[in-house]
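Welcome! Please take a moment with the sequence and the model below, and then read on for a short tour.

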Amino acid sequence: MITAALAESLTQALVVLVLISGAFIVTRKDLLSLVSTYQMQSLLLAGVALSLYSVDQSPTLLYLAGLTLVSKVLLIPYIIKRIQRKINISRDMEFHYVSPIASIFITIILILLVYGAFSNILKELALSNLFYLGAVFGISLTLMGMLITFSRKKVITKIIGYLTMENGVLLFSLFITELPFIIEVLILVDLFMIVLLATILSIGMDSSVEAYQERFHQLHIEDLQEKLHLHRKHRGES
Amino acid sequence: MFSSLFLTGLFFLFFGALLPLLSVRSGRYVRTATLGFTAVAAVLLLVSSAGVFTGDVQEEIASYNVSNALSFSFALDRLSSFFIIVISVVSFCVAIYSAGYIEHGGGNAKRNILAGLMNVFIASMVLVVASTNTFSFLFFWEIMSLASFFLVMYDYEKKETRKAGIFYFIMTQLSTVFLMVGFLALYQVNGSFNIEAMGSASQLMTTAIFLSLLTGFCIKAGVIPFHKWLPYAHAASPSNISALMSGVMIKVAVYGLMRFVLYVLGPVDWWGILILVLGTISAIFGIIYALKEHDIKRLLAYSSIENIGTILIGFGLYIIFQAHNLPAIAYLGLAGSLFHVLNHGVFKSLLFMATGSIVNATDTRDLEGMGGLIKKMPYTAALFLIGSLSISALPPLNGFVSEYMLFAAFFSSNTLGDPMLTILLVLCLSVFALTSAFVATCFVKAYGIMFLGLPRTDACANAKEAKKPMILGPAILAALCILLGVFSPALLSASGYGTLPVPDLMLVGSFLLATYAIIWAALYHSYPNKTRVGATWDCGTPLSSRTQYTASGFSQPIMRMFKATYKTKEIPERTFYDKQNSLFRSGEAKVTLLKFFEEYLYMPVGKKVMSLSIRVSRMQNWNLDTYIAYAFVAVLLVLVYVGWLI
Amino acid sequence: MNIDANYVAYAFLNTAFIILISPLFMGVAKIVKAQAQGRIGPPLLQPYYNLLKLAQKERVYSNKSSAITKITPYINITIMIVASLGIPLAFAPENSGGLGNIILLLYLLAMGRFFMAAAGLDAGSTFGGMGSSREMSISSIIEPITIIVFAALAFTLNTMDMHQMFQTAAQEMSFLNPALILVSIPLFIVLIVETARVPVDNPETHLELTMIHETMLLEYAGRDLALMELSHAIKQTMLMAILINILVPWGYAREFTAPAVIIGMLLFLAKGIILATFIGLTESSMAKMRLFALPNLFIIAFFLSMLTILLEVFR
């Protein structure tokens with residue numbers, strides 16, 4: 001039987017590991033290890049839910065752990081890995097705005113920022129230290145996900161960023177909010193993700209966002225505009 | 001008794017200043033006598049200030065009224081006597097060193113003026129520190145600035161020196177302006193020029209005075225971003241003057257800051273944070289810029305900026321911990337800061353003097369033109385080694401003690417009870433650790449390139465060891481580096497800081513010595529004791545001075561890793577025979593470093609001032625009628641002011 | 001500071017123990033690497049044979065070198081031995097002798113590095129210059145991480161003294177303390193960097209890509225080389241001891257009696273062999289990183305150590 005104190009320190013260790021996996025995703029260039037890190041992160045989250053369950057005994061936590069295990073540890077990584085094999089890209093070397101080193105520093109500042117902001121907001125809730133930490137790290141992970149989505153060029157890395165964001169929301173919800181509500185949010189976010197995946201898959205996702213936009217150009221959207229423009233110019237001159 | 005000793009010391013300094021200036025054309029004996037006066041004066045000042053420091057007494061020296069409101073008055077207390085100890089120790093050694101150094105270059109007149117002005121310079125620094133009112137503080141501050149300006153301009157024939165001198169003069173006047181504003185505001189509040197605890201004033205007023213004084217002192221101390229004059233001035237001036245300026249003069253600014261913040265204004269915790277952050281920035285950028293330098297005197301100058309940063313870090317820590325009611329840790333910060341003032345004075349003057357000997361012997365300041373000097377100048381090499389070890393804060397030398405105290409204060413930052421502040425301190429700690437690691441790198445580079453390997457020029461291959469006084473002066477300081485480190489526990493307890501948890505370096509030193517002796521004795525006569533001398537492994541290509549590692553090569557990895565700070569640009573230019581760029585014809589590559597502060601801060605400000613002054617100078621057109629018209633308008637304005645506006 | 005009989009006994013035992021076992025850990029790592037590459041590898045005791053062989057050979061000095069080259073091996077071994085007094089491997093006496101301070105330890109190591117880098121420049125060879133330049137650069141940028149790791153240890157265990165740290169860790173047995181687990185990762189990276197191993201450097205060669213530590217020793221021969229290698233091995237054992245005695249302090253002697261000390265030593269030896277195996281495996285599973293890719297590795301270590309501080313502060 002696990003004692004409460006042990007469960008607490010176990011949870012804390014797991015939460016910290018989740019954050020570390022986030023930091024790993026921020027800096028890695030190797031796509032395969034990105035996906036496996038994401039997989040590991042989801043597994044850790046399931047672990048967090050389970051270890052919370054051992055204290056709380058609330059069945060929702062158990063469902064949540066199962067859901068995470070099935071969808072994020074098995075299904076989504078499987079799909080992404082399949083896509084990866086198809087498109088044959090193994091590394092994402094390009095960074096927008098921030099380098100990996102800078103993004104680590106930004107991450108540290110983010111955590112401090114979230115901590116500072118929450119110390120004012122969450123004062124009334126009188127949370128225990130562990131829950132406070134979980135909430136702070138959850139939001140930090142969400143922000144890190146955002147950082148990944150805008151700092152990487154390859155679409156597949158951006159997807160990992162979105163998924164990390166969603167994991168952050170899950171982490172936050174595990175520690176703070178009411179569960180049934182958050183499941184709805186989760187599903188919503190997941191739906192959004194699926195839509196996104198579907199769009200990208202239909203257009204093709206073998207390269208960067210610029211290429212993606214080019215695909216749009218190929219649909220003659222811009223060509224039409226140009227023609228219209230030329231037409232007007234012509235009429236103006238005559 | 002101490003005050004009469006003090007006055008006698010000053011008398012010697014004044015006499016020493018007058019003697020060579022009155023007999024400008026006379027020969028060597030006058031200069032030697034002058035420097036003898038300086039040394040005697042330094043000893044007298046040292047004795048009197050050490051007495052005040054250890055006795056913990058307040059010693060009135062003298063007071064002279066100029067008019068009803070203005071007077072010169074001097075006194076010694078613990079803080080000022082400590083700084084006078086630093087001044088006199090360094091001055092004593094510099095005086096000895098100068099007896100040899102001064103005989104290089106220049107004619108009799110120039111040498112005599114140098115010796116005389118040096119006395120004026122030292123006396124003015126002592127009097128700034130001893131002043132008890134802002135009027136005499138500012139008066140001697142100006143004398144100090146002027147004297148040092150003339151000393152910097154010693155080699156005025158060189159264009160580089162003139163540029164450095166003018167730059168220095170402008171910056172130092174700027175510092176005076178800020179100080180004057182602060183002092184006048186203080187007068188407004190207090191109603192007197194005395195340096196005493198400030199009366200009640202609004203928050204805004206106190207903050208304004210603090211910021212004005214901080215800016216003034218930071219300019220003089222060379223804190224980044226006000227540091228730009230320092231590398232120029234230190235590089236251009238004669239080495240004995242660099243030793244005084246770097247070892248002592250910038251500390252006078254630190255003294256001013258401490259005196260006014262602690263005794264007059266009364267610190268608030270955010271001042272501590274500001275000073276800490278300023279110090280950290282100065283420390284890291286100072287050493288980062290030092291790493292890229294291969295002009296040895298500029299390298300030392302940048303390293304002075306780093307050390308001033310370290311001193312400010314300690315002072316900032318003191319204010320922060322004091323504001324959080326943790327006096328035990330706070331005193332660790334203050335003691336570290338003050339001890340570093342002394343230590344930096346000792347080892348930086350030592351390094352500047354040793355460098356001076358080398359520059360005299362090799363006729364270059366460029367590291368790329370040195371090498372192998374350990375064989376030609378073994379004594380100077382040994383002295384420089386001790387200085388380098390000490391500045392790199394290696395135990396059991398003195399630099400370690402002061403840096404240790406700062407580290408220990410940083411390591412207690414989890415007791416502050418304010419998470420954000422603790423994290424800020426930990427971040428500063430990591431930067432500080434990086435700084436001190438860089439210092440070691442920087443001085444391995446300086447030492448290795450200057451003294452080890454093969455000589456890179458003929459001048460260097462034929463260098464001669466420096467004259468005796470030029471070894472004796474720095475040697476005293478080198479001995480002090482060791483003694484101040486090894487006897488640090490005794491010294492700290494003698495100065496009332498005995499309770500601070502500092503490792504016993506006497507013990508460490510004796511352990512090191514004993515172990516070394518045992519190992520050496522065990523191995524020296526052991527079998528086999530055969531040695532052979534061979535050539536350096538060269539992979540079949542004969543070694544020459546051109547094939548060994550250069551100073552720029554040594555710091556290249558760091559310059560590349562810190563590309564963002566240096567704004568390093570690597571520009572390879574290649575031409576090819578064919579269009580496909582495959583047959584290489586010729587090429588040229590260069591690495592440029594941006595002078596960030598110069599290009600983004602100093603030049604724009606300078607240009608603004610320039611364009612403004614051009615506009616103003618148009619009003620001055622050498623036409624009498626115009627000037628009369630100005631006078632007419634001025635009189636009218638006065639009339640209007642008097643008639644209607646009052 | 002009072003040196004009592006206990007301390008003297010400790011000083012002799014600890015020093016003898018560290019000198020004896022240090023080459024062994026080197027050998028273990030070598031064998032593991034060889035096995036991972038499908039080779040048999042050298043015998044376990046090869047490092048000892050090497051040291052003995054080198055000790056019997058004549059010393060060769062370059063005609064360009066100066067006294068710095070001659071004194072550096074002695075200075076280096078002296079520093080390592082004195083520093084090792086601050087790191088009690090298997091048992092700590094009541095009084096720490098004032099040598100256990102972590103800042104003191106760091107700066108003693110820095111002193112060794114200073115002389116080694118200077119000796120690298122001494123013979124005027126490009127190899128040595130390159131080695132000392134890279135060594136100093138790398139050790140400089142790892143320094144902030146080292147200091148934060150040590151600050152985290154000091155915050156968690158509430159002391160700056162290595163002796164007390166080990167004792168506290170042994171008493172509390174807090175192996176599930178997240179801060180300590182977390183801090184062990186950057187500590188391991190520091191260990192890899194300071195001992196010049198893959199992915200930072202390769203201890204096997206001094207080819208161009210790995211011209212860091214080994215190239216500084218290129219001009220040494222005979223007994224001097226033996227001293228340098230021994231001090232390197234001692235340095236590795238010291239850093240390993242910090243990791244072992246803080247993360248897995250099981251069996252650390254809590255009282256100064258013969259059986260406790262012997263059990264402590266044997267257990268330390270076993271744990272050290274496991275850690276050396278792990279180091280060998282890490283080395284085999286990684287490729288040497290480019291010199292300028294190293295900051296990426298260091299930044300992860302920096303993040304982890306900073307995270308430990310955050311955990312400690314927010315607690």
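Chain B of this predicted model is divided into domain 1 (267–499), domain 2 (562–592) and domain 3 (596–645). If you take centres over C-alpha atoms, domain 1 of chain B and domain 3 of chain B are separated by 46 Å.

Now look along chain B for helix H9 (residues 239–265). At 1.5 Å a residue, its 27 residues should span 39 Å, and the C-alpha atoms at its ends are 37 Å apart, which agrees. H9(B) does have a kink of about 35 degrees, centred on Met245(B). Is this helix mostly covered or mostly uncovered? H9(B) is mostly covered, with 25 of its 27 residues buried. Gly266(B) follows H9(B), and the phi of Gly266(B) is positive, near 80 degrees.

Chain B also has a hairpin, formed by S1(B) and S2(B) with 5 residues between them. Strand S1 (residues 59–65) of chain B and strand S2 (residues 71–76) of chain B pair in the antiparallel sense over 6 bridges. One pair to find on screen is Asn65(B) with its bridge partner in S2(B), Ser71(B).

Next, see where chain C meets the other chains. The table sets out two such contacts, one row for each.

| Chains | Residues in contact | Top contributor | Classes on the side that touches chain C |
|---|---|---|---|
| B and C | 63 residues of chain B, 62 residues of chain C | H16(B), 16 residues | chain B: 43 nonpolar, 14 polar, 6 charged residues |
| A and C | 17 residues of chain A, 16 residues of chain C | H1(A), 8 residues | chain A: 12 nonpolar, 5 polar, no charged residues |

Several elements of chain B each supply at least two residues of the side that touches chain C, among them helix H15 (398–411), helix H16 (419–451), helix H20 (505–524) and helix H21 (551–561). Strand S3 (531–534) of chain B also belongs to this group. How does S3(B) pair with strand S1 (residues 59–62) of chain C, in the parallel or the antiparallel sense? S3(B) and S1(C) pair in the parallel sense, over 4 bridges. Within that pairing, Val533(B) has Tyr61(C) as its bridge partner in S1(C).

On the side of chain A that touches chain C, helix H1 (4–27), helix H4 (100–121) and helix H5 (129–151) of chain A each supply at least two residues.

Finally, turn to chain A as a whole. How many helices and strands does chain A have? Its secondary structure comes to 9 helices and 0 strands, and from the N terminus on, the elements run α-α-α-α-α-α-α-α-α. Of the 238 residues of chain A, 36% count as buried. Among the contacts in chain A with a separation of 6 or more, 73% come from residues 24 or more positions apart.

A good residue to look at here is Ile156(A), which lies in helix H6 (residues 155–175) of chain A. Why does Ile156(A) count as buried? The cut-off is 20 or more other C-beta atoms within 10 Å, and Ile156(A) counts as buried because it has 22 C-beta neighbours inside 10 Å. Ile156(A) and Ile80(A) are 76 residues apart in sequence, and from C-alpha to C-alpha they are 8.1 Å apart in space.

Methods: Residues numbered from 1 in each chain as written. Chains lettered and ligands numbered in written order. Predicted model: local features only at pLDDT ≥ 70, side-chain atom pairs only at ≥ 80, totals over all residues. Contact = placed C-beta atoms within 7 Å. Nonpolar A, V, L, I, M, F, W, Y, C, P; charged D, E, K, R; others polar. Pairing = 2+ DSSP bridges. Expected span 1.5 Å × (residues − 1). Bend = angle between axes of the 7 residues up to and from the residue. Buried ≥ 20, exposed ≤ 12 C-beta atoms within 10 Å, placed from the backbone. Domains from an automatic or database assignment.
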